[in-house]
Amino acid sequence: MKDEIRAPALFFAPFVSSAMRVEPQWIDYNGHLNMAYYHVLFDRAVDEVFSLVGLTQDYVDSRHASYFAAECHILYKRELTESDLVRVTAQLIAFDEKRLHYYLEMRHASEGWLAATSENLSLHVDMASRKVTPFPADILANLALMKAAHSRMPLPATIGRMIGMPKKTAITVESLNAEREVETRH
């Protein structure tokens, strides 16, 4: 039996998705892309990028495992409107035996301006037990190759950003001299 020679996967830094169009039914009463559909576009790009490491529908069917979103932080930077074309770039920030930490940027496909960013944490899950489980060795090897390519890129400035309001501009209940309601737990 011949030894199979397999070329290593090639990963661009950053990964760039195919162009995706903002669909008319995704426009809300404000006349722009509804926030839920930013998630749809980001999710489609995630399917593209992680298919490169072998995380596909075939992987789910044959190995009975997948990856689930655990946390997501989206920053909406500029409105998208009907028929706009976008591309999403992806950068693998970190990974371990069970987790993926990655960063996405959605840009207008022809004009290049930034529409939104998304920082994400996903977990590898056994589909039978629905519990977090380690990636198999071949997937870990592909993730290592992707991470090596992406490690040449600078870390995005918003990684680890927390939601908050600077004190000097925030209006607080205390500043309005109102009485605070006592917190109750049910």
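**Close-up 1. Phe50, Tyr67 and Tyr102 form a cluster through ring pairs.** In this predicted model, these three aromatic residues are linked ring to ring. The structure has four aromatic pairs in total.

**Close-up 2. Trp26 and Tyr37 make a stacked pair.** Two values describe how a pair of aromatic rings sits: the distance of the centres and the angle of the planes. Here the ring centres of Trp26 and Tyr37 are 5.0 Å apart and the planes meet at 10°; planes under 30 degrees apart count as stacked, so this pair gets that label. The two residues come from distant parts of the chain, 11 residues apart: Trp26 sits in the loop between strand E2 (20-21) and helix H1 (35-51), while Tyr37 belongs to helix H1. Buried or exposed, what is Trp26? Its relative accessibility is just 5%, so Trp26 counts as buried. Tyr37 comes out at 27%, so Tyr37 is partly exposed.

**Close-up 3. Tyr38 and Tyr76 meet edge-to-face.** The ring centres of Tyr38 and Tyr76 lie 5.0 Å apart, but the planes are at 80°, so we call this pair edge-to-face. Again, distant parts of the chain are linked: Tyr38 is in helix H1 and Tyr76 is in strand E3 (residues 65-76), 38 residues apart. Tyr38 is buried, with 4% relative accessibility, whereas Tyr76 is partly exposed at 37%.

**Close-up 4. Arg78 lies over the face of Trp113.** Look for Arg78 at 4.0 Å from the centre of the Trp113 ring.

**Close-up 5. Strand E6 (residues 114-126) pairs with E3, and the two run antiparallel.** Count the bridges between E3 and E6 and you get 11. Tyr76, which we met in the ring pair above, has Ala116 as its bridge partner in E6. E5 and E6 also pair in the antiparallel sense, over nine bridges, and Ala116 turns up here too, as the partner of Met106.

**Close-up 6. E6 takes part in a hairpin with E5 and in another with E7.** Between E5 and E6 there are five residues, and Gly112 in that turn has a positive phi of about 85°. Between E6 and E7 there are four residues, and in this turn Arg130 has a positive phi, about 60°. Two bridges join E6 to strand E7 (residues 131-132), and these strands run antiparallel. Val125 has Val132 as its bridge partner in E7.

**Close-up 7. Helix H3 (residues 137-150) has its buried residues along one face.** Which residues of H3 are buried? They are Ile139, Asn142, Leu143, Met146, Ala149 and His150. An α-helix has 3.6 residues a turn, so residues three or four places apart point the same way. Looking down the axis of H3, you find the buried residues within an arc of 120°, so they line one face of the helix. What covers them includes H1, helix H2 (57-63) and strand E4 (85-95). You can check the helix's length too: at 1.5 Å a residue, its 14 residues should span 20 Å, and the end C-alpha atoms are indeed 20 Å apart.

**Close-up 8. Ala13 and Ser151 are 138 residues apart in sequence but 8.5 Å apart in space, C-alpha to C-alpha.** Ala13 is in the segment before E1 and is partly exposed, because its relative accessibility is 41%. Leaving out residues up to four places away in sequence, Ala13 touches Ala149, His150 and Met153. Ala149 and His150 are among the buried residues of H3.

Terms used:
Residues numbered from 1 in each chain as written. Predicted model: local features only at pLDDT ≥ 70, side-chain atom pairs only at ≥ 80, totals over all residues. Heavy atoms only, no water. Phe/Tyr/Trp six-rings, centres within 6.5 Å; stacked < 30°, edge-to-face > 60°. Buried < 20%, exposed > 50% of the residue type's maximum accessible area, 1.4 Å probe, protein only. Lys NZ or Arg CZ within 6 Å of the ring centre and 35° of its normal. Expected span 1.5 Å × (residues − 1). Arc of directions from axis to C-beta. Contact = heavy atoms within 4.5 Å. Pairing = 2+ DSSP bridges.
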